[in-house]
Amino acid sequence: MWAPPGGYGIDPYHVILKKDYDQTQGRVTPYMIYLDHDNGDVVLAIRGLNLAKECDYAVLLDNKLGQTKFEGGYVHNGLLKAAMWVFEEEHVVLRELLEANPSYSLTFVGHSLGAGVVSLLVLFVIQNRARLGNIERKRIRCFAIAPPRCMSLHLAVTYADVINSIVLQDDFLPRTTTALENVFKSIIW
């Protein structure tokens with residue numbers, strides 16, 4: 001409800017860009033790119049599910065088991081499409097920020113639906129590092145807070161050095177397969 005004492009430490013002058021639903025056209029939840037000079041990070045943060053936006057449900061429910069193969073595993077179709085859209089929109093900005101700050105890490109962070117998007121975005125980024133100036137894998141990281149189930153075990157293990165997933169106790173979304181479309185519709189609607 002309230003910011004912690006001393007605030008969150010975000011300097012509004014270092015917010016490089018913010019995109020809301022108007023700019024994303026419902027393809028992904030709103031996001032921002034932030035240059036964190038204190039910690040040496042280029043940060044791309046994607047917000048979570050907005051219960052009032054039907055387009056968020058469309059992204060989440062765009063999936064069928066075994067629908068989308070990726071690097072020897074399977075990924076969530078709608079979240080991958082959202083991740084690829086963000087990459088295509090922002091890879092030039094990210095590359096320029098990394099070139100201007102060559103020692104900085106590239107950090108992706110998201111909550112809920114946004115966590116699923118950044119989890120798949122980081123897979124796509126690692127596969128396309130050349131488009132970001134050949135950033136080393138060890139300088140790429142992801143913090144996914146309460147992500148939906150979005151990749152097969154093989155991929156989760158392969159990218160465990162990059163993706164840090166945080167799930168608290170009995171949180172519903174991370175423990176439920178999005179392939180249960182009817183369950184989601186009945187609970188959410």
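Let's start in a loop: E71 sits in the one that joins strand 4 (68-70) to strand 5 (73-75). Its phi is near 45°, which is a positive value in a residue other than glycine. As for solvent, E71 is partly exposed, at a relative accessible area of 37%. Keep in mind that this is a predicted model, so a backbone angle like that is a feature of the prediction.

A146 makes a good companion to E71. Here too phi is positive, about 55°, although A146 is not a glycine. This residue belongs to the loop between strand 7 and helix 5. Is A146 buried or exposed? Its relative accessibility is 7%, and anything under 20% counts as buried, so A146 is buried.

Now step back to the whole chain. There are six helices and eight strands, and reading along the sequence gives the pattern β-α-β-β-α-β-β-α-β-α-β-α-β-α. Of the 189 residues, 47% are buried. Contacts reach a good way along the sequence: if you take those between residues at least 6 apart, 65% join residues at least 24 apart.

How far can you trust the coordinates? The average pLDDT for the chain is 86, and 85% of the residues score at least 70. The stretch to watch is residues 180-184, where pLDDT stays under 50. The model still has nine contacts for that stretch beyond four places in sequence. Where pLDDT is low, the predicted coordinates should not be read in detail.

Next comes the sheet. Six strands make it up, in the order 1-2-3-6-7-8, and the sheet is open with mixed pairing. Which strands stand at the edges? They are strand 1 (15-19) and strand 8; each has a single partner strand, so one side of each is left without a neighbour in the sheet. From one strand to the next, the twist averages 15°.

Two helices can be placed against these strands. Helix 3 packs on the sheet and touches strand 1, strand 2 (31-36), strand 3 (41-46) and strand 6 (105-111). The direction of helix 3 makes about 15° with that of strand 2. Helix 4, for its part, lies across strand 3, strand 6, strand 7 and strand 8, and runs at about 150° to strand 6.

At one edge, have a look at V15, which is part of strand 1. V15 has a relative accessible area of 24%, which makes it partly exposed. Leaving out residues up to four places away in sequence, V15 touches I10, M32, I33 and Y34. V15 and L35 are 20 residues apart in sequence, yet their C-alpha atoms are 6.4 Å apart in space.

At the other edge, strand 7 (residues 140-145) and strand 8 (residues 163-166) pair in the parallel sense, over four bridges. To get from strand 7 to strand 8, the chain goes through helix 5 (residues 153-158), and this β-α-β crossover is right-handed. You can follow the register residue by residue: C142 stands opposite I163 in strand 8, and F143 stands opposite N164 in strand 8. In a regular strand the side chains alternate between the two faces of the sheet.

Finally, the aromatic rings. How many aromatic pairs does the count come to? The total is one. The partners are F87 and F124, with 5.2 Å from centre to centre and 80° between the planes. Planes over 60 degrees apart count as edge-to-face, so that is the label for this pair. The pair links distant parts of the chain, with F87 in helix 3 (residues 77-100) and F124 in helix 4 (residues 113-127), 37 residues apart. Both partners fall on the buried side of the 20% cut-off: F87 has a relative accessible area of 2%, and F124 has a relative accessibility of 12%.

Helix 3 also holds K81, but its surroundings read differently from those of the ring pair: at 49% relative accessibility, K81 counts as partly exposed. K81 and L120 are 39 residues apart in sequence, with 9.2 Å between their C-alpha atoms.

Terms used:
Residues are numbered from 1 along each chain as its sequence is written. Side-chain values use heavy atoms; hydrogens and water are left out. pLDDT is the predictor's confidence in each residue, from 0 to 100. Contact means heavy atoms within 4.5 Å. Rings of Phe, Tyr and Trp (its six-membered ring) pair if their centres lie within 6.5 Å; planes under 30 degrees apart count as stacked, over 60 as edge-to-face and the rest as tilted. Buried means under 20% relative accessible area, exposed over 50%, partly exposed in between (1.4 Å probe, protein chains only). Two strands pair if DSSP finds at least two bridges between them. A crossover is right-handed if, with the strands pointing away from the viewer, the path from the first strand over the helix to the second runs clockwise. Axes are lines fitted to C-alpha atoms, for helices over the stretch in contact, and angles run from 0 to 180 degrees between N-to-C directions.
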